[in-house]
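Trainee: Got a minute? I'd like to walk through a structure I haven't seen before.
Mentor: Sure, let's open it.

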Amino acid sequence: MNKRNCIILATAILLGFIILGITIRLAIEDLSQNISSPDNEDHINNLAELYRYQMVPVNDSNIIIFDRKTGKYWRKFAPPNEGPTEWTRERAPNYNK
């Protein structure tokens, strides 16, 4: 490769990185403006409601469903190879005392 081809290649690579950086920066700025807009507040609340409950497998025989909004949880003992059992509502510990 001669010197002229190396300069053209280096310039093309540098120009490509500059264009890529500008594109990524504009996309991130647009995304941050869309997220922080007041019109999007309902969407954020809907996502919080969607992920309100969390299922926690304690071991092979116990399952807990946790309500992130209220702090309540329900526990179910499910022995392997047996039929369904009833859910029992448990009280969450109060750490604010």
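**The sheet and the helix patch**

Mentor: Four strands form an open sheet in the order S1-S2-S3-S4, with antiparallel pairing.
Trainee: Which strands stand at the edges?
Mentor: Strand S1 (53-57) and strand S4 (88-90); each has a single partner strand, so one side of each is left without a neighbour in the sheet. The twist from one strand to the next averages 25°. Strands pair if DSSP finds at least two bridges between them.
Trainee: How many bridges join S2 and S3?
Mentor: Strand S2 (residues 62-67) and strand S3 (residues 73-77) pair over five bridges, in the antiparallel sense. Ile65 has Trp74 in S3 as its bridge partner.
Trainee: Is this a predicted model, and what should I know about the numbering?
Mentor: This is a predicted model: local features need pLDDT of at least 70, side-chain atom pairs count only at pLDDT 80 or more, and totals for chains, interfaces and linings use all residues. Residues are numbered from 1 along each chain as its sequence is written, and side-chain values use heavy atoms, leaving out hydrogens and water.
Trainee: What pattern does the protein follow along the sequence?
Mentor: The pattern is α-α-β-β-β-β. Helices (H or I, at least four residues) and strands (E, at least two) are DSSP runs, numbered from the N terminus.
Trainee: Switching topic: where is Ile13 found?
Mentor: Ile13 is in helix H1 (residues 3-36).
Trainee: Why does Ile13 count as partly exposed?
Mentor: Because its relative accessibility is 45%. Buried means under 20% relative accessible area, exposed over 50%, and partly exposed in between (1.4 Å probe, protein chains only).
Trainee: And what share of the protein is buried?
Mentor: Buried residues make up 8% of the 97 residues.

Methods:
Axes are lines fitted to C-alpha atoms, for helices over the stretch in contact, and angles run from 0 to 180 degrees between N-to-C directions.
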